Amino acid sequence: MVFETYTLSNGIRLIHRPVKANVAHCGIILNTGSRDEKEDEWGIAHFIEHVVFKGTTKRKAYHILSRMEDVGGELNAYTTKEETCIYTTFLDKDYKRALELISDITFNSVFPEKELEKEKEVILDEINSYKDSPSELIFDDFEELLFKKDAIGRNILGTPKHIKAFKRNDILNFIQNNYHTDQMVISSVGNIPFKKLVKMVEKYFGSIPENSRIDKRKKPNSYKPRTQTLVKNTYQRHCVLGNIAYDANDDRRIPLSLLTNILGGPGMNSRLNLSLREKHGLAYNIEANYTPYADTGVFSIYFGTDKGYLDKCLNLIHKEMDLLCTKKLGPGQLAKAKNQMIGQIAISSENNENLMLNVGKSFLLYNRVDSLEEIYQKVESITSEQLIEVANEILNKEKLTTLMYK
């Protein structure tokens, strides 16, 4: 898999994957998210993601929304705890239109007060709708329990109190303090000569003033396992249990990813799905997840079940984790698990929008992108001994935090 890269004089980086397809994907990924907010800025990174579409120095909101859709394209954005991304999908003939619009939105938004007030109501409605989804809300509550008062533990949406208080100057200050050009990557997957793409990127992004990051993020405080039960008015019982885990630069993240896939990955043959759902019929949804951050990580297991089955589910989950901590996978089991993960990676890479986003994030964090062959080799090199070691560190019952909705 070939990637072409380029760095502008202001520090903004470009990575491109040439593909022969009529549809192209392009976006800008910023190494800025909700964990970069001060306490009185809680929710502002996500708020900005909404209001950058509300007007620029040369466009009103309607013209922004119509710019790509008028030619059949799509425009979107998202915010995580560590990234903000604005991206678009379009026909390859519209690269110029896409890049110019992304640049205009990212760097020329004017944030009209009238539009800010309207969008606050939209986000307040988003917060309220989120509260009606316990299977999603519990993950935020879990990370808040893991990290306590650290910024990385706070939910991305913010609180109604914080959202209502935001002013235009608060947005401008956050952007000035956190939108660093050396922490931005333009990622592209499409059918365009690289020299032509570089020329466009220089035209629309080359004049942006350099603004390099000086301060480092604050690493979360020391972790202590906790158990908490919250009373919710829901029919089902929801539960998340897990632990802090390896950060994005730790080589052990790859064995942990494989272990997570074995335990509760998307495959119907994961150990937890076979035990809780197929064998005992106790849960419709059971999953394990691993999210690496810049300086920490989160491993978690989630399930929802009938109120009478909560303890039984927990016992079965602990049983499966104990097995992974004490019994090494045989050669056949290990080969099967590796082949499954490699297949999932290969299939995911066929989605060019996912590829554009994943490649951009990798280039943002590591300033390089592993080829599929290199990724496969890393998976193939995992040993049963490594999995046992990782399991005993991450799945250790004494180290787990548990959150339950009752």
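Here is a short tour of a five-strand sheet, a helix that packs on it, and a pair of helices.

Before you click: this is a predicted model, where local features need pLDDT of at least 70, side-chain atom pairs count only at pLDDT 80 or more, and totals for chains, interfaces and linings use all residues. Residues are numbered from 1 along each chain as its sequence is written, and side-chain values use heavy atoms, leaving out hydrogens and water.

**Stop 1: the sheet.** Helices (DSSP H or I, at least four residues) and strands (E, at least two) are numbered from the N terminus. Select the 5 strands of the open, mixed sheet, ordered β7-β11-β8-β10-β9. Strands pair if DSSP finds at least two bridges between them. At the edges are β7 (227–230) and β9 (283–292), each with a single partner strand, so one side of each has no neighbour in the sheet.

Now pick β8 (residues 237–244) and β11 (residues 401–405): they pair antiparallel over 5 bridges. Find V240, with L403 of β11 opposite.

**Stop 2: the helix on the sheet.** Add α9 (residues 253–264), which packs on the sheet and touches β9 and β10 (297–305). Contact here means heavy atoms within 4.5 Å.

**Stop 3: the helix pair.** Show α10 (residues 271–279) and α11 (residues 310–326), whose axes come within 10 Å and cross at roughly 150 degrees. Axes are lines fitted to C-alpha atoms, for helices over the stretch in contact, with angles from 0 to 180 degrees between N-to-C directions. From α10, R271, L272, S275 and L276 meet C313, L316, I317, E320, L323 and L324 in α11.
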